[in-house]
Structures are given as structure tokens and as C-alpha cells.
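This report covers the ligand contacts, one loop arginine, two cysteines and the central sheet of the structure shown below.

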Amino acid sequence: MSPLNNNRSAWLQGPSVPCDSKSGSPEALWRLVLLGAPGVGKGTQAELLTQRLGACHLSTGDVFRAAARAECEPSPAMKEALEFMRRGELVPDSTVWQMVKERAGCLRCGGGFILDGFPRTLGQAESLRALMEKEGIALTAVINYELSAREIVARLSGRRTCDRCKSVYHETERPPRRAGVCDKCEGRLIQREDDRPEAIEVRLETHVKSTSPLIDFYQKCGLLVQVEAGGAPEDIYQRTLAALAPVKTN
Ligand code: AP5
């Protein structure tokens, strides 16, 4: 599992923007989906996994947040998507799928991918399956991170994000060296709008209703790998690698 260079420009800014992802050997290629409640630590694990597996971290939430920051006028569909996001609700499947379909090149990419936050409904999972079948590519595994609701709320309410480079911290669990300042770029650390208590509640309810059925869906496909998400990020990362090891040797 050798690290490859990649960035996410085609994913974050759109398919016309080139990125420097490099293809690896087919045996080293990972195509993963990360499932788990909001705040369980999917983004944190994706960051660690991408360094080790080389696969690109593809988060749909990051694309919506990148669109929210864009200086140009967002499309009406994107404006509507951002309103759903602020309230903690899911963006409609049609908008999400349009956005992912435009970026299908990232799924075909020879560097592999780690999908984070997509799919999130059965409809999205079916669309992804149909697209991948058409492209002749398959998922390697789907990792489901599990954690108690109490710990999830603690992770979400303490999260702080750099408003410049988007690095993620936690007030007590992963604090920056200097309060309110990003270690990497000295940007300002802010709280995400959907990490307010009323939005957290909506997000957790939505997860149970819309996203939990995916666990069954991927279990039936024989792709599901369960990982307990308690403890320090490095411990969960090691647990994830151990859970994935048999997948490639099967
Ligand atoms: P999205 O950006 O995907 O957010 P999410 O799934 O709600 O997940 P989060 O980013 O909140 O959490 P995470 O699991 O990545 O945790 P993190 O690593 O940051 O989606 C946002 C919104 O966009 C959705 O609500 C929806 O509106 C819309 N959207 C996106 N995709 C969509 C789709 N496919 N369909 C429809 N709508 C869509 O960790 C959280 C905190 O905990 C951090 O502070 C971190 O430092 C800390 N932490 C992490 N690990 C640990 C640990 N082991 N111990 C202690 N603290 C930890």
C-alpha cells in the first residue's frame, strides 16, 4: 500500500479543473465508501486513510461547502442545496446526483477513492451502483463507523474548522496549539453552521431515517466492514486497516 500523490481539485472545483492524481497498480487500488452518523469521524479517518492508501478523499459535504465559499454566483440548485444543509437536512437526491455524475471521472480515476458522505440514501446507492456497473468498476469495501449518540454529539459540538485550509480540530480532543488559530496555516477556527444544536438534532434524526438502511444494503452486497469508532483517531485508523486487511487478500 504505497502512498500516491493526489489532490481533490477536480472533485472540489469541478471536472474541468485538472488534478495531479496518479494511477497505481490495480492491486493497490482502493475504492471505499465511509458510512456513519454525522460527527462519527469519517472525515478524520478519510484524511488518515488517504495518506496511507493514496485514494482521493471525496466528500460531498466538502463540495457543497466549497460552493458556498465561491465568489461567483451559485446556481439556483446549489443555493437551494445550501439552505437544506444549513438546516441539517439532506440535499435532494437529484441535486446530489447531478453533482456526483458531473464528477464521474473521479470515480474512474486510477488512483482510487474514499467516498465520504455519499451515498446517503438508498436512491443514491442505487445510482452509484448503476454508474459503477456501467463503467466496469467495483467498490472494494464499505466501512461503517459506529459510536454512541452521546459521543457523537460531543464530537460535533466541539468541532472547529479552519476557515482557510479547512483542517478539522476539536476543542478538547484535538485542540490547536494556539486557541482559535489553525496549526497549519494560521487561519481562523470557526464552528460549522450545521454544528449548532438544533441542526445537529435534525442531522442525527435524518441519519437514522435515510442513511441507516444503507448498512443492510451493503451487507447484502457482501461489502460491509464494521468498525467501532470509540477512542483516539489513530486507534480507530489502526482498527480500520486491520478490518480492511482481509478484504484485499480474499
Ligand atoms: P457532511 O459534510 O458529509 O457531514 P456529515 O456526514 O454530517 O459528517 P461530518 O463532516 O459532520 O462528520 P465526520 O463524520 O466527517 O466527522 P469529523 O471527522 O469531522 O455533510 C454535511 C451536509 O451536507 C449534510 O447534512 C447534508 O445537508 C449535505 N450533504 C452532504 N452529502 C450529502 C448527500 N450525499 N446527500 C444529501 N445531502 C448531503 O469529526 C467530527 C469532530 O470530532 C471533529 O472535531 C474531530 O476533530 C473530532 N473527532 C474525530 N475523531 C475523533 C476521535 N476519535 N476522538 C475524539 N474526537 C474526534
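In this predicted model, a polar side-chain atom of Arg120 sits 2.6 Å from an oxygen atom of the ligand. Arg159 makes a contact of this kind too: an N or O atom in the side chain of Arg159 is 2.6 Å from a ligand oxygen. Gly39 contributes through its backbone, with a polar atom 2.9 Å from an oxygen atom of the ligand. The polar contacts to the ligand described here are tabulated below.

| Residue | Part of the residue | Distance to a ligand oxygen |
|---|---|---|
| Arg120 | polar side-chain atom | 2.6 Å |
| Arg159 | N or O atom in the side chain | 2.6 Å |
| Gly39 | polar backbone atom | 2.9 Å |

The ligand has 36 residues around it, and those that come nearest are Thr44, Glu89, Arg120, Arg159 and Arg203.

Another arginine, Arg103, is placed in the loop between helix H5 (93-102) and helix H6 (104-108). Is Arg103 buried or exposed? Its relative accessibility is 7%, so Arg103 counts as buried. The side chain of Arg103 reaches the backbone oxygen of Trp11 at 2.5 Å. Leaving aside residues up to four places away in sequence, Arg103 touches Ala10, Trp11, Leu12, Gln13, Gly14, Pro15 and Val63.

The structure holds 0 disulfides. For Cys165, the nearest cysteine sulfur is that of Cys182, 3.7 Å away. Why does this pair not count as a disulfide? A disulfide requires cysteine sulfur atoms within 2.5 Å, so a pair at 3.7 Å does not qualify. Likewise, Cys182 is in no disulfide, and the nearest cysteine sulfur to Cys182 is that of Cys165. Cys165 counts as partly exposed, because its relative accessibility is 35%. Cys182, at 2% relative accessibility, counts as buried.

The sheet is open and has 5 strands in the order S2-S3-S1-S4-S8, with parallel pairing. Strand S2 (56-59) and strand S8 (224-228) stand at the edges; each has a single partner strand, so one side of each is left without a neighbour in the sheet. From one strand to the next, the twist averages 25°. Within the sheet, strand S1 (residues 31-35) and strand S3 (residues 113-116) pair in the parallel sense over 4 bridges. Val33 has Leu115 as its bridge partner in S3. Helix H3 (residues 60-69) lies across S2 and S3 and runs at about 70° to S2.

Technical notes
Residues are numbered from 1 along each chain as its sequence is written. This is a predicted model: local features need pLDDT of at least 70, side-chain atom pairs count only at pLDDT 80 or more; totals for chains, interfaces and linings use all residues. Side-chain values use heavy atoms; hydrogens and water are left out. Two strands pair if DSSP finds at least two bridges between them. Helices (H or I, at least four residues) and strands (E, at least two) are DSSP runs, numbered from the N terminus. Axes are lines fitted to C-alpha atoms, for helices over the stretch in contact, and angles run from 0 to 180 degrees between N-to-C directions. Contact means heavy atoms within 4.5 Å. Buried means under 20% relative accessible area, exposed over 50%, partly exposed in between (1.4 Å probe, protein chains only). A residue is near a molecule or strand if one of its heavy atoms lies within 4 Å of it. A polar contact is a pair of N or O atoms within 3.5 Å; within protein, one must be able to donate a hydrogen and the other to accept it, and residues adjacent in sequence count only if both atoms are side-chain atoms.
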